[in-house]
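Q: Could you zoom in on one residue and tell me how it sits in this model? After that, feel free to follow the thread through the rest of the chain.

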Amino acid sequence: MRSFLLRLLFVVALPTLLVALWWLASDGSTNVYWPPLRTILRTFPDVWTSERLRSDLVPSVLRLLAGYAAAAVVGVALGTVIGSYRRVRAACEPVLEFLRAVPPPVLVPVIMLFAGIGDTMKIAVIASGCVWPILLNTVEGVRAVDSVMAETARSYGITGMARLRSVVLRAASPQIFAGLRQALSIGIILMVISEMFAASNGLGFTIVQFQRSFAIPDMWTGILVLGLLGFLLSVVFQLVERRVLGWYHGLRAVSRRSP
């Protein structure tokens, strides 16, 4: 119980300190672009009603999840193939390095030409940015599979999909989840950017509309919603990661305790 309370204290201490500093630093501010935190919090329930959450937050989350899921499937599949075969990796590496260097926001006008201005464009923008950390981490994870483990599986006749599922992907899963974690933060950024182009709803669209109409406290409430959404998705991701990688965290805990 004591250890749980200490962990809880560490978790809430820094956010509480930052909120307190924000409150004190903005208190009494007369700058229209830097309203007091109390004004923002007082505006929050008036702006983010259940109707606005349904019309703006829910579509944004659905686009984010769709683009993120597409990037995860493509990244893990291609990364497994590229990481498993040296010749494929040698052939693909120059192209991957070139495409990875192109910032995804730059591709928004190009994607709009092919996908239009609807949800397909926004999902494609999110997927185009999220796929790279997943793909590259999967490649490195597959390459790092222990050769002794691979040979042992082969000697026991574990081949094909069974080998891929039980040996390769399982051994590479810590690296894959590292890429998935990086992609999640990128996806949130691209979700907002994609909704700033030819959109009629979503968090990015709403924040820009508030800014253009000089509803500055309302704009800050949208930024708070983005922060809360990122925190919530991070917590959910950690829960999923701990469940899927329970064996890995167990091994690390045992190795830390061993002399």
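A: Let's start with Leu6, which comes out as partly exposed at 42% relative accessibility, because that value falls between the 20% and 50% cut-offs. Keep in mind that this is a predicted model. Leu6 belongs to helix α1, which covers residues 2-26. To get a feel for distances from there, take Val76: it is 70 residues away from Leu6 along the chain, and their C-alpha atoms are 37 Å apart.

For the backdrop to that spacing, zoom out for a moment. The C-alpha atoms of the protein chain occupy a box of roughly 70 × 60 × 30 Å along the principal axes. There are 11 helices in the chain and zero strands, so a walk from the N terminus reads α-α-α-α-α-α-α-α-α-α-α. Of the contacts with a separation of 6 or more, 75% join residues 24 or more positions apart. As for burial, 37% of the 259 residues are buried. The chain exposes about 15700 Å², with carbon and sulfur atoms supplying 68% of that area. On the charge side, there are 24 positive and 13 negative charges, and their mean positions are 10 Å apart.

Back to single residues. Glu93 is another partly exposed one, at 44% relative accessible area, and it sits in helix α4, residues 86-100. Pair Glu93 with Ala77 and you get 16 residues of sequence separation and 16 Å between C-alpha atoms.

Now for some buried spots. Thr43, in helix α2 (residues 37-47), has a relative accessible area of 16%, so it counts as buried, the cut-off being under 20%. Leaving aside residues up to four places away in sequence, Thr43 touches Pro217, Asp218 and Thr221. Those partners can be placed too: residues 216-244 form α10, so here's a link between α2 and a helix much further along in numbering.

Just ahead of α10 is a backbone oddity. Phe214 lies in the loop between α9 (203-212) and α10 (216-244), and it has a positive phi of about 60° even though it isn't a glycine. Most residues other than glycine have a negative phi. Phe214 is also exposed, with a relative accessible area of 60%, which puts it over the 50% cut-off.

Ser194 makes a nice contrast in setting. This residue is in helix α8, residues 160-194, and is buried at 1% relative accessible area. Its side chain reaches the backbone oxygen of Met191 at 2.9 Å. Further off in sequence, beyond four places, Ser194 touches Met121, Lys122 and Val125.

Last stop, the cysteines. Cys92 is partly exposed, with 27% relative accessible area, whereas Cys130 is buried at 0%. A disulfide is a covalent bond between the sulfur atoms of two cysteines. The count of disulfides here is zero.

Methods:
Residues numbered from 1 in each chain as written. Predicted model: local features only at pLDDT ≥ 70, side-chain atom pairs only at ≥ 80, totals over all residues. Heavy atoms only, no water. Helix = DSSP H or I, 4+ residues; strand = E, 2+ residues; numbered from the N terminus. Buried < 20%, exposed > 50% of the residue type's maximum accessible area, 1.4 Å probe, protein only. Polar contact = N/O pair within 3.5 Å; in protein donor to acceptor, adjacent residues only side chain to side chain. Contact = heavy atoms within 4.5 Å. Disulfide = S-S within 2.5 Å. Areas by Shrake-Rupley, 256 points an atom, 1.4 Å probe, with all protein chains shown as cover. Lys, Arg positive; Asp, Glu negative; His and termini not counted. Charge placed at Lys NZ, Arg CZ, Asp CG, Glu CD.
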